[in-house]
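Open the model in your viewer, keep the sequence beside it, and follow the stops below in order, selecting the named residues at each one.

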Amino acid sequence: AEVYFKEASECGSAEGMFECAKLLVEDQQPNFKKIMSLLFTSADGGCGEAMNMLGLMYREGLGVIPDELRAKVWFTRGSDRGCNQATLNLAKMNYEGLHQSSSSSKSGNKDRDIPAAIELFNKASKKGSIVAKLYLAKIIKSGEGCQKDEVKAGELYMEAAKMEGME
């Protein structure tokens, strides 16, 4: 498959470039300059998965200086292109807030946007994300940023369990 990804990439396939970038990340000593180049080109071609991966690279500081604001922009773009993992990552950022922000603190992070997080977790959950469903259950059970509803939370936990095959 690696050969075909490279061929597709050389033909200008955004998805092929993304797959090549994924393979390069797994190398013992990843060439982050090459990876970022492939990801930017793939993202320019409309690949939501590449946009998500760029978000991860910026969030984690892989090959770039960590920049959560840029990560959030890339997650937003990936989510807008239909990448469910980007939607989940964006939801997590809205729920947790920005760690690099001067206004961040565990007790009162002003960068948190719980209503946006709930909306995004709902969106990702409807597309099959167990993690998103579990976040929603936790939020609804606590009533954080929404009406507390332990019955609905229990239903969500059960749906997640069934999705994992643990009835």
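Does K133 count as buried or exposed? At 8% relative accessibility K133 counts as buried, where buried means under 20% relative accessible area, exposed means over 50%, and partly exposed lies in between (1.4 Å probe, protein chains only). Before you go on, note that this is a predicted model, in which local features need pLDDT of at least 70 and side-chain atom pairs count only at pLDDT 80 or more, while totals for chains, interfaces and linings use all residues. Residues are numbered from 1 along each chain as its sequence is written, and side-chain values use heavy atoms, with hydrogens and water left out.

**Stop 1: salt bridges**

Keep K133 selected and add E159: their side chains meet in a salt bridge at 2.8 Å, N to O, the term being used for a side-chain nitrogen of Lys or Arg within 4 Å of a carboxyl oxygen of Asp or Glu. K133 lies in helix α8 and E159 in helix α9, so this pair ties together parts that are 26 residues apart in sequence. Helices here are DSSP runs (H or I, at least four residues), numbered from the N terminus. E159 counts as partly exposed, at 34% relative accessibility. The structure holds 6 salt bridges, and among them is the one between E60 and R59, also given as 2.8 Å from N to O. E60 is partly exposed, with a relative accessible area of 46%, and R59 counts as partly exposed at 27%.

**Stop 2: aromatic rings**

Select Y95, F121 and Y135, which ring pairs link into a cluster. A pair of aromatic rings is described by the distance of the centres and the angle of the planes. Rings of Phe, Tyr and Trp (its six-membered ring) pair if their centres lie within 6.5 Å, and planes under 30 degrees apart count as stacked, over 60 as edge-to-face and the rest as tilted. The structure holds 4 aromatic pairs. In one of them, the rings of Y95 and Y135 have centres 5.7 Å apart and planes at 80 degrees, so the pair is edge-to-face. Y95 lies in helix α6 (residues 84-96) and Y135 in helix α8 (residues 130-142), so the pair ties together parts that are 40 residues apart in sequence. F121 and Y135, by contrast, are stacked, with 4.6 Å from centre to centre and 10 degrees between the planes. Both Y95 and Y135 are buried, and F121 is buried as well.

Now add R112, whose charged end sits over the ring of Y95, 4.8 Å from its centre; for this, NZ of Lys or CZ of Arg must be within 6 Å of the ring centre and within 35 degrees of the ring normal.

**Stop 3: the nonpolar core**

Which residues have the most contacts inside the largest nonpolar core? They are M36, L39, Y95 and F121, in a core of 41 residues. Such a core is a set of buried Ala, Val, Leu, Ile, Met, Phe, Trp, Tyr and Cys residues joined through side-chain atoms within 4.5 Å. Select L39 and look for the residues it touches, including F18, A21 and M53, not counting residues up to four places away in sequence; contact means heavy atoms within 4.5 Å.

**Stop 4: T87**

Finally, select T87, which is in helix α6 and is buried, with a relative accessible area of 0%. Leaving out residues up to four places away in sequence, T87 touches S79, L120, K123 and A124.

Technical notes:
Helices (H or I, at least four residues) and strands (E, at least two) are DSSP runs, numbered from the N terminus.
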